[in-house]
Amino acid sequence: MKKILLLVLALSLVVVFASGCQPADEGTEPREFTGFDSLEEAAVSEAWQDYFPNQYATYLETAEMVRTTYGGSGEDGEKMDYLEMYPFLKSTYAGFPFSVSYYRSRGHVYSLTDTLETGRLPDLETRPATCLSCKSTDVVVLQDKYGDEWYSRSFAEVVGDNAIGCLDCHDANDASVTYQRDYLTKALEQNTFRNINPEGRADLTCAQCHVNYHFNPETREPVLPWSIGLTVEDQFEHYNQGPRYNDEWEHEITGALVAKVQHPEYELYHEGQIQSVHSAIGMGCTDCHMPAVTDADGNEFTSHRWTTPLEHIEDSCLTCHSDWGAEGIIERTEGVQSGVYEQQNRVGYELEEFILAVGEARENDTVSAEELERLQAIHREAQFYWDFIWVENSNGFHNWEEAHRVLGNVEELLEEAWSILE
Ligand code: HEC
Ligand code: HEC
Ligand code: HEC
Ligand code: HEC
């Protein structure tokens, strides 16, 4: 990355000198922003660069891949292959595409590439357009042009060149911070928050994507399953009350109807039965993931490099935790993560063991029809709770107390299952 920047700098100097110009001072000042002429123009993040060079430069830094003890995105350009790291996933997701291809997430600039390359989804012609919802600024253009109708098209028809970018969180006319997804507006209108008042929060920009969802079975629009509440139990109840959704499937081994949970960062952080300590003191996603920083000239701006905050604890954590020192912060953070990490993986293996045992019992007819029904109900519930914590990307940091509570409930359910199986 640094090398590329240096190269660009060197080339621009060559251009400046070759054309006989003096590098003028006013040339380095950002242009004044007066709004874009069209949403199409605003969907190209590079078009914002001249007005907001610092924010744009840090946005490009999301290309950097780093690895921490429990998190991060990868090392030496290598993505982290979950199926290799956690083989039990092949059992928990058996019969669903996540058992075929599953990598850890990385920076925003990769969002479109990673979606195009995934081995998990059908080819671009049959893949639903909805998959673009969390990957591209083009969604704002499509929504404006076609309304909800675009969701029912094919991915190939709607996909463009733009990854996640400025237009996803900023207004094209005045650059103010905003969110741009109708499905979030609809979810918020249900008014089911218990711990925080979401109104006016800067981190609703993150809630456009870092949330659990399923499709509306008729329109294929994303639906945030918040009709009852945002806790894991309330979301499970939402699935139970609805029809069978696109991300529910009959499990290959147990025959249970199970649902796939997706990255509920927003929900776990703010809305558990236990609220996280940091949410409780009023902090939002942006406080840790978008700290205030200064450029070479001493101008303060907001970092747009979304990555693990352990990369920049001086800007994000030392402000409050100076008494722990940088090392102490890492140590305590890894301390709370190790507890959740150990439990979520242990429970993953326990879930696999249970799944295989139910498979065997089905094959050999060693349980009655009622017993099998109860075992399948346990599978549905236990897997939903476990997945909610497992796919949440902070390895427990965002709300370790709630994570332990939820995983404890999974273990209780599995205990009941073993009393039936043995
Ligand atoms: C109090 C600080 C704090 C707040 C607030 C916070 N996070 Fe985090 N976040 C972290 C830490 C620490 C990690 C763990 C990083 C690691 O393990 O390297 C993390 C991890 C993540 C990751 C995985 C990144 C990676 O590279 O491992 C994502 C995605 C994420 N957070 C999104 C969010 C969202 C969305 C919100 C708001 C709902 C949020 N965070 C609120 C501190 C915070
Ligand atoms: C995921 C959402 C998101 C994206 C994408 C995003 N921003 Fe921001 N931006 C924010 C938030 C949130 C703030 C306000 C931070 C705060 O007030 O705590 C902000 C603040 C700003 C500001 C105000 C000045 C400052 O630094 O605080 C500017 C200018 C800005 N962003 C430009 C951009 C540009 C240019 C891009 C594209 C390269 C971009 N943003 C992409 C969320 C986003
Ligand atoms: C338009 C959808 C969208 C929005 C808005 C969004 N994210 Fe993301 N975010 C993603 C996707 C998708 C990925 C994974 C990309 C990949 O793996 O290719 C991701 C990845 C991340 C990562 C992991 C980066 C890494 O290097 O490991 C962090 C941290 C993160 N987002 C934080 C945030 C925060 C904080 C906000 C709000 C200010 C936010 N995101 C807003 C969709 C979004
Ligand atoms: C606005 C102030 C504030 C900021 C900023 C902040 N924290 Fe905290 N943090 C708290 C408070 C308050 C508590 C709960 C009381 C305590 O343990 O000191 C806490 C608790 C913690 C704990 C639990 C400690 C334990 O052993 O129980 C960890 C770990 C932690 N913070 C890590 C972080 C990290 C990592 C960051 C930066 C990404 C961060 N905090 C940013 C205020 C903050």
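**Note on the ligand sites of a predicted model**

1. The iron atom of ligand 1 is coordinated by two protein donors, His289 (NE2) and His398 (NE2), at 2.0 to 2.1 Å. The structure under discussion is a predicted model. The site of this iron atom has 6 donor atoms, and with angles of 86 to 179 degrees among them it is octahedral. Histidine 289 belongs to helix α13 (residues 285-289), while histidine 398 sits in the loop between α17 (369-390) and α18 (400-421), so the pair ties together parts that are 109 residues apart in sequence.

2. The two histidines at ligand 1 fall into separate burial classes. Histidine 398 has a relative accessibility of 16% and therefore counts as buried. Histidine 289, at 22%, counts as partly exposed, because the buried class requires a value under 20%.

3. The iron atom of ligand 4 also has two histidines as its protein donors: His278 (NE2) and His321 (NE2) lie 1.9 to 2.0 Å from it. Its site is octahedral, with angles of 85 to 180 degrees among 6 donor atoms. Histidine 278 is part of helix α12 (residues 277-280) and histidine 321 is part of helix α15 (residues 318-321), so this pair ties together parts that are 43 residues apart in sequence. Histidine 278 counts as buried, its relative accessibility being 16%.

4. As background to the angles quoted for both iron sites, the ideal values for six octahedral donors are 90 or 180 degrees.

5. Ligand 2 has 18 residues around it, of which Cys166, Cys169, His170, Thr302 and His304 come nearest. Helix α3 (53-60) and strand β8 (300-302) each supply at least two residues of this shell. The largest share, 3 residues, comes from α3. By class, the shell around ligand 2 contains 11 nonpolar and 7 polar residues, and no charged ones.

6. Several polar contacts of ligand 2 may be inspected individually. An N or O atom in the side chain of threonine 302 is 2.5 Å from an oxygen atom of the ligand. The side chain of glutamine 55 likewise places an N or O atom 2.7 Å from an oxygen atom of ligand 2. At histidine 170, a polar side-chain atom lies 2.7 Å from a nitrogen atom of ligand 2.

7. Around ligand 3 there are 22 residues, and those that come nearest are His108, Asp114, Cys206, Cys209 and His210. The shell divides into 7 nonpolar, 10 polar and 5 charged residues.

8. Which residue offers a polar backbone atom to an oxygen atom of ligand 3? It is tyrosine 110, at a distance of 3.5 Å. Side chains take part as well: an N or O atom of aspartate 114 is 2.6 Å from an oxygen atom of ligand 3, and a polar side-chain atom of histidine 210 is 2.8 Å from a nitrogen atom of the ligand.

9. How many disulfides does a search of the whole structure find? The count is 0. One cysteine pair deserves a separate look. The sulfur of cysteine 134 has its closest cysteine sulfur in cysteine 209, 3.2 Å away, which is too far for a bond, because a disulfide requires the two sulfur atoms to be within 2.5 Å. Cysteine 134 is buried, with a relative accessible area of 19%. Its partner in this comparison, Cys209, is also one of the residues that come nearest to ligand 3.

Notes. Residues are numbered from 1 along each chain as its sequence is written. Chains are lettered from A and ligands numbered from 1 in the order in which they are written. This is a predicted model: local features need pLDDT of at least 70, side-chain atom pairs count only at pLDDT 80 or more; totals for chains, interfaces and linings use all residues. Side-chain values use heavy atoms; hydrogens and water are left out. Donors are N, O and S atoms within 2.8 Å of the metal (3.2 Å for Na, K and Ca); water is not among the atoms, so sites may look incomplete. Four donors count as tetrahedral if all angles lie between 85 and 135 degrees; four count as square planar and six as octahedral if opposite donors are over 155 degrees apart and all others between 65 and 115; anything else is irregular. Helices (H or I, at least four residues) and strands (E, at least two) are DSSP runs, numbered from the N terminus. Buried means under 20% relative accessible area, exposed over 50%, partly exposed in between (1.4 Å probe, protein chains only). A residue is near a molecule or strand if one of its heavy atoms lies within 4 Å of it. A polar contact is a pair of N or O atoms within 3.5 Å; within protein, one must be able to donate a hydrogen and the other to accept it, and residues adjacent in sequence count only if both atoms are side-chain atoms. Ala, Val, Leu, Ile, Met, Phe, Trp, Tyr, Cys and Pro count as nonpolar, Asp, Glu, Lys and Arg as charged, and the others, Gly among them, as polar.
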